[in-house]
Amino acid sequence: MSTAKITGIAALDGGQRLAVKYFAVAIVLFGAQILFGLLAGFQYLSPDFLYGVVDFSVNRMVHINAMIVWMLFGFIGSIYWLIEDESGTEVVGLWLGNLAFWLFTIAVVIVVVVYLVIQTGPGQIESIWFINEGREYIEAPRWADVGIVVCLLIFFYNVAATFMKGRWSGIAGVLVLDLVAVAGMYLTGMFYSPNLSMDQFWWWWVIHLWVEATWEVLVGCIMAWGLIKTLGARRQIVTTWLYIEVALMLGSGILGLGHHYFWIGTPEYWLTVGGFFSALEPVPLVAMVVHAVYDSGVHRFKSPNHPALAWLIAHAFGNFFGAGVWGFMHTLPQVNIYTHGTQWSASHGHFAFFGAYATMNIAVFYIAAQRWRGNVNFGGGLVDNGWKWKWALGLLNGGVVGMTMALLVSGYDQVFIERALEGATWSGFFKAQQNVWYLQGMWWRQIFGYMTLAGFFLLVWDLMTIGVRETRPAVFPTEVAEHAA
Amino acid sequence: MGALGHEGLNIVGPMGPEGLDAFLRAVIAGALVVVFGAVYAACFAFGRLFSSLILMRVAYGCFGLLMVTVYVLATSLQLGGVWNVLMVLMLVAYFVAPRMIWRLTAATHE
Ligand code: HEM
Ligand code: HEM
Ligand SMILES: [Fe+2]
């Protein structure tokens, strides 16, 4: 670290230059997600608000589609970020990667504009192709699906070919196999059937098998690399942990899919299959605790990038509580029969997606920001004492946990009134939503939503400014270990 | 409602106040199962790391609480037959998984 500090694009390798483009779009879409979430949330409180201009259905759709896409952009960026380092060679088809980036981004913009311009109309085969495919989270029309698959294939080619040209590692192997599964699952979301049970059956393959199987493996790979690079964890340990983790995760997560097949018209055996396997899904999350303890004990975490480390810790907790605790709470069919499709599900959905995946992406943004600023110290004693990242961390996590709790209150009210007292009748559905507890939950969700928004603004501001005036170089544990040896 | 056991929790008719109490107990117990599972795992790992007998005892204490919460969960939901097998499976998995991971991480460290 004797050379002068190199910053910006010049400090990055080829893959990383592409990665920052993905990160930039991811952050913009994260902002869009929050904005449309707030609009949808406000419509719960004031149903006439923007009615006929941007309907609730559209706000909700943009809210959750933006989420899926920003997280995918973040993941793709993260892999491009680490690949040259991990493989020891340059990305094979960088220009292709750039092309895919622009195609994907332009497609996203067109899809959203069409959502906003054509909000209602008959559902026909043409509307499936050009306007809206009608499947929650992945509503993008088919033409865009095809484009997304092409972009994912290019991405996959780049990853596989780059590792093939450079060196393979355990992490690389898991990653490449996982990407095949991520892309494969997406294809099942394009299946169309007028039979609603069949349609939902395949749709869940994308959503569940993404977030509870393939995405978990993907963040496992990123985490493994992050632990080695930023905390100096031993590759051998981390890789072994990754294999076990993946085995446990897939062992319970794949058939855990059955927890979405309780009430959609699928055969009754899914009650048992779904209940059994999904009840075991938190076990790998719990087992992860042991590995974290071991690593912290052996390596005495000393990181020159405190915000990244803090977000990695937020990821560990968020994944554990949002997916593990909140997931298990409603996964047995005996419980789910009451909670299914209430705000209880939304409580879990917010906590799990944010806790497991938003956090991990933000951690990588900070890893990237550090290199962009010339590998300066992001550890203790930042110029402004790091107040921005600390407050962003607090507001974002506090906001989402607050929304989670508010939604739980509303959800419990629905269980109580709609399901328990009224026996799941049509009138019970409305009675629950007019109850004062339900409405208060909705108000608090909105208030915590504004808190989340404030955290988002701070986060963006911090990413743009952190370390700009810092001059001390970062000292990474891996370097310390190498020098000591 | 064959597959779900007794008629105690039955969505077809309203469930009444006792049913609601049972439901609330069940979801709280459910959340605590996972939490105690993690605290057991953490105390176990720290106990091994520092060779601390006290921490190991705390770990087993937590596992005891885990067993209690699983019992509360099973009885509140009036689980029967095969669902009780699941409860036993969960107990085994929560007990064994942290030990397995510990052995593997320790073994690969050399
Ligand atoms: C990071 C991992 C996870 C994420 C991101 C996630 C996200 C979600 C989301 C968004 C929904 C709502 C889907 C919808 O109807 O629109 C959902 C539903 C559900 N999740 Fe998860 N989840 C995760 C892990 C888990 C785990 C580990 C379990 C079980 C132990 C679980 C159990 C459930 C159940 C039972 C439902 C159905 C709720 C209902 O019937 O309405 N989830 N999840
Ligand atoms: C910042 C303020 C936010 C507000 C006001 C908000 C509001 C909403 C609203 C109103 C819905 C529709 C719920 C319904 O149909 O009843 C929704 C759905 C959803 N939001 Fe948010 N949201 C916010 C942030 C987030 C964040 C940060 C995440 C995750 C990273 C997220 C993930 C989700 C998911 C997964 C769903 C679908 C849940 C389900 O179908 O059960 N939201 N949100
Ligand atoms: Fe699921």
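Biologist: How many residue pairs are in polar contact across the interface of chain B and chain A?

Modeller: In this predicted model, the rule finds 0 such pairs, with both residues required to be at pLDDT 80 or more. A pair would need N or O atoms within 3.5 Å, one able to donate a hydrogen and the other to accept it.

Biologist: And what is the count of salt bridges between chain B and chain A?

Modeller: That count is 0 too. To score, a side-chain nitrogen of Lys or Arg would have to lie within 4 Å of a carboxyl oxygen of Asp or Glu.

Biologist: Then what makes up the side of chain B that touches chain A?

Modeller: Sort its residues and you get 39 nonpolar, 8 polar and 1 charged. Helices α1 (16–49) and α3 (82–109) of chain B each supply at least two of the residues on that side.

Biologist: How do you know that the chains touch, and how many residues does each bring to the contact?

Modeller: Contact asks for heavy atoms within 4.5 Å, and 48 residues from chain B and 47 from chain A take part. The area buried between them is about 4,300 Å², with carbon and sulfur atoms giving 84% of that.

Biologist: On to ligand 1. Which protein atom counts as a donor to its iron atom?

Modeller: NE2 of His348(A), 2.0 Å away. The cut-off for this metal is 2.8 Å, so that atom qualifies. It's the single donor from the protein, and His348(A) sits in helix α13 of chain A.

Biologist: How far apart are the iron atom of ligand 1 and the iron ion, ligand 3?

Modeller: They're 4.3 Å apart.

Biologist: Why is Ser345(A) said to make a polar contact with ligand 1?

Modeller: One of its polar side-chain atoms lies 2.5 Å from an oxygen atom of ligand 1. The limit is 3.5 Å, so the pair passes. Asn336(A) passes as well, with a polar side-chain atom 2.9 Å from a ligand oxygen. Glu212(A) also makes it, at 3.4 Å from a nitrogen atom of ligand 1.

Biologist: Which elements give two or more residues to the shell around ligand 1?

Modeller: In chain A, those are α7 (196–231), α11 (306–329) and α13 (343–372). Helix α13(A) has the largest share, 7 residues.

Biologist: How many residues surround ligand 1, and which are the closest?

Modeller: There are 25, and the closest are Tyr137(A), His340(A), Gly341(A), Ser345(A) and His348(A). The shell divides into 9 nonpolar, 12 polar and 4 charged residues.

Note on methods. Residues numbered from 1 in each chain as written. Chains lettered and ligands numbered in written order. Predicted model: local features only at pLDDT ≥ 70, side-chain atom pairs only at ≥ 80, totals over all residues. Heavy atoms only, no water. Buried area = accessible area lost by both parts, 1.4 Å probe. Helix = DSSP H or I, 4+ residues; strand = E, 2+ residues; numbered from the N terminus. Nonpolar A, V, L, I, M, F, W, Y, C, P; charged D, E, K, R; others polar. Near = heavy atom within 4 Å. Donors = N, O, S within 2.8 Å, 3.2 Å for Na, K, Ca; no water.
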